[in-house]
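Hi everyone, thanks for making room for me today. I'd like to walk you through a structure that may be new to you, so please have a look at the screen.

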Amino acid sequence: MNPFSSGTRLRDMIRAIRACKTAAEERGVVRKECAAIRDSISENDPDYRHRNLAKLMFIHMLGYPTHFGQMECLKLIASPGFPEKRIGYLGLMLLLDERQEVLMLVTNSIKQDLNHTNQYIVGLALCALGNICSAEMARDLAPEVERLLQFRDPNIRKKAALCSIRIIKKVPDLAENFVKPVATLLKEKHHGVLITGVQLCADLCKASQEALDYFRKKCTDGLVKVLKDVANSPYAPEYDISGITDPFLHIRLLKVLRVLGQGDADTSDSMNDILAQVATKTESNKNAGNAILYECVETIMNIEDNGGLHVLAINILGRFLSNRDNNIRYVALNMLMRAITVDSQAVQRHRATILECVKDSDPSIRKRALELVYLLVNDTNVKPLTKELTEHLEVSDPEFKGDLTAKICSIVEKFSPEKIWYIDQMLKVLSEAGQYVKDEVWHALIVVITNASDLHGYAVRFLYRAVQAAVEQETLVRVAVWCIGEYGEMLVNNVGRLDIEEPLTVTESDAVDVLETSIKSHSCDLTSQAMCLIALLKLSSRFPSCSQRINEIIGQYKGSFVLELQQRAIEFNSIIERHQNMRSSLVERMPVLDEATFSGRRAGSVPAAVSTSQGVSVILPNGSAKLGTAPVADLLDLSLDDAPAPSSSGGEFLQDLLGVNLMPVSLQPDTNQAQKSGSDILLDLLSIGTPPAQNSPSPPQLLSSNTDNRSPLDILDRFSTPSAPSAQIFSTGGNSSMLDLLDGLPSSPPMSEGNGPAHSSVTAFESSNLILTFNFSKQPGNPQMTLIDGSFTNKSQDVFTEFIFQAAVPKFLQLQLDPASGNTLPASGNGSIAQKLRITNSQHGKKSLVMRIRISYKVNNKDVLEEGQIRNFPRDL
């Protein structure tokens, strides 16, 4: 016989395909067989139709296209004989799905088969309908399926119930037609019919509120009785699994009771007794029993409140945690995370077992247990739980230390009862797993240390000991270096020693040794080295006897290939050698960092006003933008990436560097240029921030200190040495003027900024509530720069508060926003807010100015946001 003819048996084709040694050879066999099947289909050969369809199903399972044989399924289904129908329905379920249009042609055949006298043919039709039923078929055939729910044969009733589930999912509107027939199914004695009826009941409850109410009233007691009978039934070999009678029916009954009891106290009360009975009598030494217990616990947790049952359920979960099966422990931990919101006190009793799971070898168990421990922590147990986690941190796997460290740090920050305990725990974590600690965590630690004035000495001594034992922990080194630089004299003089501390003798040379060892360590990165240099500069003023040695250490980095270190080393070296009178003011101790402000920044809710150490708020200028390299963070060696920084005001830099008290910007409209210039000089002095702009500002005027009422020029006199010559300003080919700041400040008088010809004003933005007007002017000799005076006017009858203006420009433009004159805009045009903008157009003469703006404010305590795009700038700008 031709191996590739329609008469070839299925087994021969399978044998031929399996004999292929390459994929190409297999494709050839399949291609020839498909060609033979096509020929047979075109000849309409009924004798081998069922054999061809069987071959097509095998070819389909191999992944080859078989769409050309779909009509053969319909022809076989229409055949009168059972064997042909069986192959036809099997092909229908395998080769087609509910999205195929061909499926519409088979609806009538299925309807006829559902009414067939042969129950086996009826079963075939129900099986196919339950697998590929579409919404249209469901509407057409639902009456037949509903009728078959009362069929005499239990297998047909079971298949009809399964088919009904598919129909209800496709067309939920048909749910009401099946409610009463399902109530009859719930009284069945046949477990196969009963389990499908219970599942259909659960799906009806989810699809229809009316069905849910009906089953609660009519069927709850019956379902409870069925569950009681199954739980107490004697040994039945046909249903027995591991000594438990039909655990599948157990689980289905518990699930439907959970649906019925959720949100209904009366229904929940009626099932409490049977749930307690199942929870106490079910054996847990077999997997089937554990499955029933888990479903029972989930049902107890979802129905209405019953304290005794909740404790029982949580105790079952506690037993699960002692099971050797990882899957059982994992689902128990998941359930306990939900149970903690129901009865946290009951979960707390299993705290020791949960902590043991944190030490488990399975990573999934460890992570889930750690999350549960985090939820268990409260003010009363924070100390013992943190101690357990910290001790485990020492021996935990490296891949788990990151998660464990993050949770410990979060627990300590959230539940710390006192600052000394907070500092102790954080320093222990830094000593054990410093490389896993995120930047914002050790930033917060430094903020807490600065605010605990009575613990400065304790913290610096603790860090001194720790950094000598764990110099490879980079984050620990950073915190230690920062504290030694700030509180080095307290370390040497044993200031503020607590009773719990052991005596420690540290000389000035020892303190410098720690910094030298840290900066030369192979694990010390750029940030840590820069912090070490700053700390050495500070100690050069605090330890005069070690000043020469410190200068030599810093001088070693004057030839560093890293520009940041080289620049710092050169400038710090110059400060130590040539500016003794300036150094003490420059390296004064950092002001206390505001904890509330830092916490707000971390939470992303920084207010418009940022508190300073003296309690005076500095209003952030409208349109302030985050700098690419945060100067404040660089200066403090705190990488506060989420700290907003003013784009033009240098007040925060002055305060951090010199301890100068800043008045609110809104109260100092005439000192904006002085602030800007002062910050530029200080930034240039410490090599922080961006390079100076093309037009160098005039010499600075610093804000007066809150403890010194001298004029700003008096303060500047402290910065320059008596013999320092006046700096000369050179200008070549438009290059920016340079000030040799380390050789003194220029004595030439400040040059006033001249304005060029003015342009007509433009209404840049107007809405129903607000008008923004721009007035333009130019600087002589610099056509690329445009000075804009913006004026905001309120048209409405309500006062605008917390007014903030922001703007963005394309890359060919550079925008600088000055602080606004205020943040409250009076109603009805009775006042205005003024704000200056500077725009530099690198494509002057080629491209016009364009700007996108965002204005936010509050009206009657409601946030309002307005956005727009400005394109009506004069073309010659």
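I'll begin with the chain as a whole, then visit the cores, a helix, some hairpins, the aromatic rings and the cysteines.

One thing to keep in mind throughout: this is a predicted model.

So, the overview. The chain has 877 residues, and 51% of them count as buried. Its secondary structure comes to 37 helices and 12 strands. If you take the contacts between residues at least 6 apart in sequence, 66% of them join residues at least 24 apart.

Now to the inside. How many residues does the largest nonpolar core have? The count is 215 residues, and the ones with the most contacts inside that core are Leu 92, Phe 178 and Phe 215. Helix H27, residues 474-493, supplies the largest share of this core, with 12 residues.

Let's pick Phe 178 and see who its neighbours are. Leaving aside residues up to four places away in sequence, Phe 178 touches Ala 142, Val 145, Glu 146, Leu 149, Ser 164, Ile 167, Ile 168 and Leu 204.

There is also a second, separate core, with 29 residues. Among its members are Leu 772, Phe 774, Ile 788 and Phe 812. Please remember Leu 772, as we'll meet that residue again in a moment.

Before that, a stop at helix H4, which covers residues 70-77. Of its 8 residues, 6 are buried, so helix H4 is largely enclosed by the rest of the structure. Which residues of H4 are the buried ones? They are Gln 70, Glu 72, Cys 73, Leu 74, Leu 76 and Ile 77. As for what surrounds them, these buried residues pack against helix H2 (23-42), helix H3 (49-61), helix H5 (82-95) and helix H6 (107-114).

On to the strands. Strand E5, residues 762-766, pairs with strand E6, residues 770-779, in the antiparallel sense over 4 bridges. A hairpin of 3 residues joins E5 to E6. Here is Leu 772 again: this residue of E6 has Phe 765 standing opposite.

Further along, E11 and strand E12 (residues 862-870) also pair in the antiparallel sense, over 9 bridges. In this pairing, Ser 856 stands opposite Leu 865 in E12. The hairpin of E11 and E12 has 2 residues between the strands, and Asn 860 takes a positive phi near 55° there.

Next, the aromatic rings. A pair of aromatic rings is described by the distance of the centres and the angle of the planes. In this model the count comes to 10 aromatic pairs. Let me show you two of them.

In the pair of Phe 792 and Phe 805, the ring centres are 5.1 Å apart and the planes meet at 55°, so this pair is tilted. Phe 792 belongs to strand E7 (residues 782-794) and Phe 805 to strand E8 (residues 801-808), with their positions 13 residues apart in sequence, counted as 13 residues apart. Are these rings buried or exposed? Phe 792 is buried, at 1% relative accessible area, and Phe 805 is buried too, at 0%.

The other pair is Phe 803 with Tyr 857, and this pair is stacked: 6.0 Å from centre to centre, with 15° between the planes. Phe 803 lies in strand E8 and Tyr 857 in strand E11 (residues 851-859), so the pair ties together parts that are 54 residues apart in sequence. Phe 803 is buried at 0% relative accessibility, and Tyr 857 is buried at 2%.

These two pairs come together in a bigger picture, as Phe 792, Phe 800, Phe 803, Phe 805 and Tyr 857 form one aromatic cluster.

Rings can also have charges over them. Arg 38 lies over the face of Phe 68, 4.2 Å from the ring centre. Likewise, the charged end of Lys 407 sits over the ring of Tyr 374, 4.5 Å from its centre.

Last stop: the cysteines. How many disulfides does a search of the whole structure find? The search finds 0. Take Cys 524, for example: the nearest cysteine sulfur, that of Cys 532, is 4.8 Å away, and Cys 524 is in no disulfide. Cys 524 is buried, with a relative accessible area of 10%, and Cys 357 is buried as well, at 3%.

That's my tour, and thank you for listening!

How values were computed. Residues numbered from 1 in each chain as written. Predicted model: local features only at pLDDT ≥ 70, side-chain atom pairs only at ≥ 80, totals over all residues. Heavy atoms only, no water. Disulfide = S-S within 2.5 Å. Buried < 20%, exposed > 50% of the residue type's maximum accessible area, 1.4 Å probe, protein only. Phe/Tyr/Trp six-rings, centres within 6.5 Å; stacked < 30°, edge-to-face > 60°. Lys NZ or Arg CZ within 6 Å of the ring centre and 35° of its normal. Core = buried A, V, L, I, M, F, W, Y, C linked by side-chain atoms within 4.5 Å. Contact = heavy atoms within 4.5 Å. Pairing = 2+ DSSP bridges.
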